[in-house]
Amino acid sequence: MAHPLIPQIIEIATPVAEELGLELVAAVFHTNQRPPVLRVDIRNPQQDTGLNDCERMSRALETKLEQTSIIPDAYVLEVSSPGISRQLSSDREFISFKGFSVIVSSSQPYEGQQEWKGQLIRRDETTVYLNQKGRVIPIPRALITRVQLDEHR
């Protein structure tokens, strides 16, 4: 379960990222560590996300978070790139990775399976479509728990 401050942190971090020409991908607050770690993943939509992007976002976000005093105690801010081996979630990612090998997992068996591998064709409001050896496999989005790039391909 996400930390209760995450929606507010995302609300603060999103415009900071956009001002820098970056996209906020995710935010996680690990409060089980001492000091707690706030991890923010960003992406540069124009080019590969680099150390400079992470550094700029870290400085700008740190300033903004200090101004709001949203996190009262000491914490560590980590800004990084999510990398390529990750879960697809946004419409933009599904468009960008069309034709890539993916693994789709479902919450319950569908047509006898809970995991499918194939080339991503597309997704619409209700379905994710995969190409398995020339055959189109429609998987209902309501059953899907995860779509991730297949690193082994």
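Me: How much area does the protein chain expose, and what share of it do carbon and sulfur atoms supply?
Reply: Accessible areas here come from the Shrake-Rupley method with a 1.4 Å probe, and for residues only the protein chains shown count as cover. The protein chain exposes about 9600 Å², with 48% supplied by carbon and sulfur atoms. Keep in mind that this is a predicted model, where local features need pLDDT of at least 70, side-chain atom pairs count only at pLDDT 80 or more, and totals for chains, interfaces and linings use all residues. Residues are numbered from 1 along each chain as its sequence is written, and side-chain values use heavy atoms, leaving out hydrogens and water.

Me: What percentage of the residues count as buried?
Reply: Buried means under 20% relative accessible area, exposed over 50%, and partly exposed in between (1.4 Å probe, protein chains only). Of the 153 residues in the protein chain, 37% are buried.

Me: Which peptide bond is cis?
Reply: As a general idea, most peptide bonds are trans. In this model, R34 and P35 are joined by a cis bond with omega of about -10°. Helices (H or I, at least four residues) and strands (E, at least two) are DSSP runs, numbered from the N terminus; P35 sits in the loop between β1 (23-30) and β2 (37-43).

Me: Where are S69 and E111, and what is phi for S69 and for E111?
Reply: Most residues other than glycine have a negative phi. S69, in the loop between α2 (51-68) and β3 (76-80), has a positive phi near 55°; its relative accessibility is 53%, so S69 counts as exposed. E111, in the loop between β4 (101-110) and β5 (113-123), has a positive phi near 50°, and at 59% relative accessibility E111 is exposed.
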